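Work through the exercises below with the model open beside you. Try each task before you read its solution.

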Amino acid sequence: MAATAQLFEEPFDADEYIERLAWRTPGGGSKGGAEAFDPKRLLEEFKNHIEELKQLDERIQRRVEKLEQQCNREAKEFARKVQDLQRSNQVAFQHFQELDEHISYVATKVCHLGDQLEGVNTPRQRAVEAQRIMTYFNEFLDGELRSDVFNNPDKIKEAADIIQKLHLIAQELPFDRFSDVKAKIASKYHDLERQLIQEFTAAQRRGDIKRMQEVAAVLLHFKGYAHCVDVYIKQCQEGAYGRSDVFEDTALLCQRVNKQVGEVFCSPETVMAKLIQSIFENKLQSHVKDKLEETRRSDSEQYLKNLFDLYTRTTTLATKLTEFNLGSDKHTFLSKLIKNIFSSYLESYIDVEREHLRARSAMILQRYYDSKNHQKRPLGTGSIQELKERIRQRTNLPLGPSIDTHGETFLSQEVVVNLLQETRHAFERCHRLSDPSDLPKNAFSIFLLLVEHLCVDHIDYALEIGLSAIPSPDAKNANLYFLDVVQQANTIFHLFDKQFNDHLMPLISSSPKLTECLHKKKEVIEQMEVKLDTGIDRTLNCMIGQMKHILSTEQKKTDFKPEDENNVMIQYTNACSKVCAYVSKQVERVRKSMDGKNVDTVLTELGVRFHRLIHEHLQQFSYSSMGGMLAICDVAEYRRCAKDFRVPLVLQLFDTLHALCNLLVVAPDNLKQVCSGEQLTNLDRNLLHAFVQLRADYRSSRLGRHFS
């Protein structure tokens with residue numbers, strides 16, 4: 001294989017190159033197997049090829065040297081050319097500097113010549129202008145206006161310029177000598193001013209923007225320019241309010257006029273501000289007054305709705321108008337216009353809001369109680385009522401007769417939603433209509449009304465009625481509706497808390513009133529929690545009383561000491577069955593009435609009292625061997641019922657009670673071992689002894705010796 005430079009172009013793989021060389025050499029590859037392999041010939045081929053590669057390397061090296069020499073020659077030639085160009089550029093730059101200096105010299109001469117010409121021409125022009133003005137002044141002095149400029153209507157612009165200058169000059173003349181000519185110039189001044197305004201009005205009606213611009217530019221130096229602007233503003237509003245929506249019409253009018261004002265007047269921001277001021281002080285103020293005054297005395301609800309709507313739409317309109325150029329402080333300008341319209345209404349707003357909310361809330365509550373045919377009871381106040389409340393909280397005594405509410409909780413979510421909705425509207429209006437400095441105070445006053453009507457007049461009243469309706473613990477077949485009161489009060493307070501966070505907090509979050517509101521809310525919660533706790537405690541007492549009644553009427557002494565020990569067919573007693581059914585029902589009611597940790601807390605208390613009742617009940621009987629087995633079956637059923645509580649403590653108590661009942665049936669010889677068992681070893685030995693004493697064979701088997 002002949003060695004050439006092309007063989008070593010990238011990508012080059014040396015291993016592949018050697019393999020290819022060996023493969024091409026006869027006897028150097030794997031063809032023909034091991035017998036055909038000739039290492040000497042392969043070595044000879046490698047040596048020859050190495051010589052070829054050395055020769056190739058020499059040729060390439062000579063070529064590289066030749067190319068390097070050529071590159072050096074070209075680099076020197078290029079450097080020489082660059083030096084020649086630099087010298088040429090330097091010469092050109094020197095010529096440019098000379099030309100620039102010459103141009104500056106000529107320009108200086110021209111400016112100097114111009115100044116000299118201006119110094120000569122300006123006095124000449126002033127003299128010519130003064131001569132022209134004097135000519136026209138002489139005509140007024142003679143009393144005969146002969147110049148065409150004063151008699152040709154097409155030259156009104158030129159005439160206006162002349163008369164304006166004459167009017168300024170006339171102001172400086174003494175009155176006694178030039179009174180007549182001053183009067184004539186003033187008359188012509190006002191006449192031209194009137195004609196220009198008429199011309200402007202006519203051009204505006206035609207929609208001739210160019211003519212309006214020309215006339216406005218002439219009138220700019222006249223005293224009647226302001227009157228021209230007033231005429232323009234008045235004419236803009238003609239026919240602009242054809243719909244029933246004055247705010248939309250105003251926005252469209254300003255949008256349309258804004259472009260035209262920029263084309264016609266040299267100070268469009270002043271004209272636009274004057275237009276908007278005119279609209280606010282006339283059209284909008286009249287519209288607001290008509291809408292509010294008709295309901296201000298007769299319908300406070302509609303008045304507040306109208307005030308909120310009108311103020312909101314006015315501020316929205318003002319936001320749209322800030323898009324236009326109204327001067328440097330347009331936000332303050334628009335705020336003053338809005339304040340001028342609504343100030344008299346906003347000053348008394350919060351008083352109207354409070355009175356309306358108070359009356360509306362009272363009406364909603366009264367309508368609800370009327371629908372229930374309920375005459376609201378006055379809740380007791382003063383030291384006697386406070387004393388009763390304290391005694392009732394400490395002793396659970398039903399002071400005063402129990403009230404039969406026939407299952408009515410006197411709580412209504414519909415009433416609550418209506419009260420919260422009214423308050424929400426009040427908060428929204430308060431946010432929009434109150435001054436920022438008064439907003440927290442006003443919002444707090446609305447919150448106090450909500451507390452008064454929702455928390456005190458409705459929830460607290462229902463709790464008082466519910467407490468009064470709870471029967472005494474020894475009442476038979478008592479209907480315990482207080483749990484329904486708890487359930488509804490809990491739901492209602494969640495709604496109250498949501499409105500507190502969603503609508504009140506944003507209004508007071510950055511003010512000192514926040515602390516006051518949170519304190520008031522906490523106070524209300526604590527007051528209601530005290531009554532709820534009292535009611536739940538008394539309700540649990542009634543449940544225990546009902547269980548006690550079932551046990552006293554259904555449980556017989558013969559249940560645990562049957563006459564025929566061999567003929568007991570029941571799994572547990574009838575009293576146990578009825579108590580478990582009652583307990584399961586009450587547990588379900590508790591779960592429906594409460595949520596969160598309150599469920600576990602109440603069920604724990606109920607379970608502990610339930611256990612105490614069963615424990616005390618079992619200690620009233622004497623047990624035979626079969627009666628003890630039946631007692632164990634009863635306790636097992638009670639324990640199964642206790643599982644519904646899902647409270648580990650309650651289940652543990654009944655497990656222990658079940659273990660205690662085993663003492664009623666265990667063989668006398670095994671009694672000591674059972675007492676030392678895992679569940680009973682930590683109990684008081686007096687308690688164990690008391691249970692063993694309930695056995696019918698206590699004396700005959702001398703079981704007392706195990707505890708001596």
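## Exercise 1: Cysteines

**Task.** Count the disulfides, taking a disulfide as a pair of cysteine sulfur atoms within 2.5 Å.

**Solution.** The count comes to zero disulfides. This is a predicted model, in which local features need pLDDT of at least 70 and side-chain atom pairs count only at pLDDT 80 or more, while totals for chains, interfaces and linings use all residues. Residues are numbered from 1 along each chain as its sequence is written, and side-chain values use heavy atoms, with hydrogens and water left out.

Step 1. Take cysteine 641. The closest cysteine sulfur belongs to cysteine 580, and the gap is 4.5 Å, too far for a bond. Cysteine 641 is buried, with a relative accessible area of 1%. (Buried means under 20% relative accessible area, exposed over 50%, partly exposed in between, with a 1.4 Å probe and protein chains only.)

Step 2. Take cysteine 633. For this sulfur the closest cysteine sulfur is in cysteine 576, 9.2 Å away, so a bond is ruled out by distance. Cysteine 633 is partly exposed, at 32% relative accessibility.

## Exercise 2: The whole chain

**Task.** Describe the chain by its helices and strands, its buried share and its exposed area.

**Solution.** Step 1. Count the elements. The chain has 23 helices and zero strands. (Helices, H or I with at least four residues, and strands, E with at least two, are DSSP runs numbered from the N terminus.)

Step 2. Check burial. Of the 708 residues in the chain, 37% are buried.

Step 3. Look at the surface. About 41,800 Å² is exposed, and carbon and sulfur atoms supply 50% of it. (Areas come from the Shrake-Rupley method with a 1.4 Å probe; for residues, only the protein chains shown count as cover.)

Step 4. Look at contacts, meaning heavy atoms within 4.5 Å. Among contacts between residues at least 6 apart in sequence, 75% join residues at least 24 apart.

## Exercise 3: The core

**Task.** Which residues have the most contacts inside the largest nonpolar core?

**Solution.** Step 1. Fix the term. A nonpolar core is a set of buried Ala, Val, Leu, Ile, Met, Phe, Trp, Tyr and Cys residues joined through side-chain atoms within 4.5 Å.

Step 2. Find the residues. The largest core has 161 residues, and Tyr232, Phe265 and Met547 have the most contacts inside it. Helix α15 (residues 439–469) gives the most to this core, with 16 residues.

Step 3. Zoom in on tyrosine 232. Setting aside neighbours within four places in sequence, its contacts include Phe200, Met212, Val257, Val261 and Phe265.

## Exercise 4: Aromatic rings

**Task.** How are the rings of phenylalanine 447 and phenylalanine 496 paired?

**Solution.** Step 1. Apply the rule. Rings of Phe, Tyr and Trp (its six-membered ring) pair if their centres lie within 6.5 Å; planes under 30 degrees apart count as stacked, over 60 as edge-to-face and the rest as tilted. The count comes to 15 aromatic pairs.

Step 2. Read the geometry. Phenylalanine 447 and phenylalanine 496 are stacked, at 6.1 Å centre to centre and 25 degrees between the planes. The pair links helix α15 to helix α16 (residues 482–508), across 49 residues. Both residues are buried.

Step 3. Turn to phenylalanine 500. Its ring and that of phenylalanine 447 have centres 5.4 Å apart and planes at 65 degrees, so this pair is edge-to-face. Phenylalanine 500 lies in helix α16 and phenylalanine 447 in helix α15, so the pair ties together parts 53 residues apart in sequence.

Step 4. Widen the view. Ring pairs join Phe444, Phe447, Phe493, Phe496 and Phe500 into a cluster.

## Exercise 5: Positive phi

**Task.** Are phenylalanine 410 and arginine 646 buried or exposed, and where do they lie?

**Solution.** Step 1. Recall the background. Most residues other than glycine have a negative phi.

Step 2. Take phenylalanine 410. Its phi is positive, about 60 degrees, although it is not a glycine. Phenylalanine 410 lies in the loop between α13 (383–395) and α14 (413–433). It is buried, with a relative accessible area of 7%.

Step 3. Take arginine 646. Its phi is positive too, near 60 degrees. Arginine 646 sits in the loop between α20 (625–643) and α21 (648–661). At 64% relative accessibility, arginine 646 is exposed.
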